[in-house]
Amino acid sequence: MSGRLTIVGLGPGDADLTTPAVTEALRAATDLIGYDTYLARVPDFGTEQHRHGSDNRYELDRARHALTLAAEGRHVAVVSGGDPGVFAMAAAVFEAVETGDPSWRDLDITVLPGVSAMLAAAAEAGAPLGGDFCVLSLSDNLKSWETIAKRLTAAAAGDFVIALYNPASKARPHQLGEAFDLLRQEKPPETPVLFARAAGSKDATLTVTTLGEADAGLADMRTLVIIGSKGTRLIPREGRRPLVYTARSEGEAR
Ligand code: SAH
């Protein structure tokens, strides 16, 4: 049996938002590798499947483990939430291939896309990513806060809509507040801000506020934050939360 490595994304939460291609790859795998929380979302297919769960910190170790198993001839699925290429395992696997055993380059490696959190969050709000947007992870585990601050300021100067992954964790409670402070220097206080928690799952909540009033305390590890551009608009509705969209054309609504 020749080995195979498939890197999959489960989507944001709802089983319905996992693509059929991903479900098929999961079913066909002999070994599943990923963070425990994600493996718990993979159904039991009734086949003999080894599950190698781990905590979220050692991505490169997990990637090397997956490659080692694939090199032994196993059919390995590496499991991420959302899309595997967005702040997730696909890049870790390729980093491990680049720096690891040269024979790993001959393995059959496939990436299967998934619905990323920003897409599920945007869909719940309306169409806030309808114009040009930038995506950042606020986590400073893998890069400095200086880099993050520079990129945030540049994104604001370019008037991009900004989607923030990893806005807060127990270890990093202050960064989103600092990010809002930076953005307040560049963007008007009435700029729409969205907090989408557990988007694309049955626990989803969405808060629509403004940059002037945004409370960083609303974000946790399951929250995606979207900060609007000059083209982001609210459509008020009686007794319901407003629809939020970013116009595709510059200037006033036509
Ligand atoms: N690969 C994933 C992102 C992993 S980084 C994807 O494409 O979605 C983890 C961060 O993603 C979380 O801290 C949170 O900011 C965001 N996230 C993941 N799932 C989410 C969901 N269902 N709703 C809102 N944000 C989510």
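This passage walks through the nonpolar cores, one helix and a surface patch of a predicted model. Local features are given at pLDDT of at least 70 and side-chain atom pairs at pLDDT 80 or more, while totals for chains, interfaces and linings use all residues. Residues are numbered from 1 along each chain as its sequence is written, and side-chain values use heavy atoms, leaving out hydrogens and water.

The largest nonpolar core (buried Ala, Val, Leu, Ile, Met, Phe, Trp, Tyr and Cys residues joined through side-chain atoms within 4.5 Å; buried means under 20% relative accessible area, with a 1.4 Å probe and protein chains only) has 21 residues. Leu152, Leu164, Leu176, Phe180 and Val225 have the most contacts inside this core. Two or more residues each come from helix H6 (145–157), strand E8 (161–165), helix H7 (175–184), strand E9 (192–197) and strand E11 (223–227); helices (H or I, at least four residues) and strands (E, at least two) are DSSP runs, numbered from the N terminus. Beyond neighbours within four places in sequence, the contacts of Phe180 (heavy atoms within 4.5 Å) are Val193, Phe195, Leu211, Ala214, Asp215, Ala216, Val225 and Ile227. Another core, of 18 residues, lies apart from the largest one and includes Ile7, Leu67, Val76 and Ala96.

Turning to helix H1 (residues 20–28), Val22, Ala25 and Leu26 are buried. Viewed down the axis, the buried residues of H1 fall within an arc of 100° (from the directions from the helix axis to the C-beta atoms), so they line one face of the helix. Their cover includes strands E1 (4–9), E2 (31–35), E4 and E5 (108–112).

Terms used. Buried means under 20% relative accessible area, exposed over 50%, partly exposed in between (1.4 Å probe, protein chains only).
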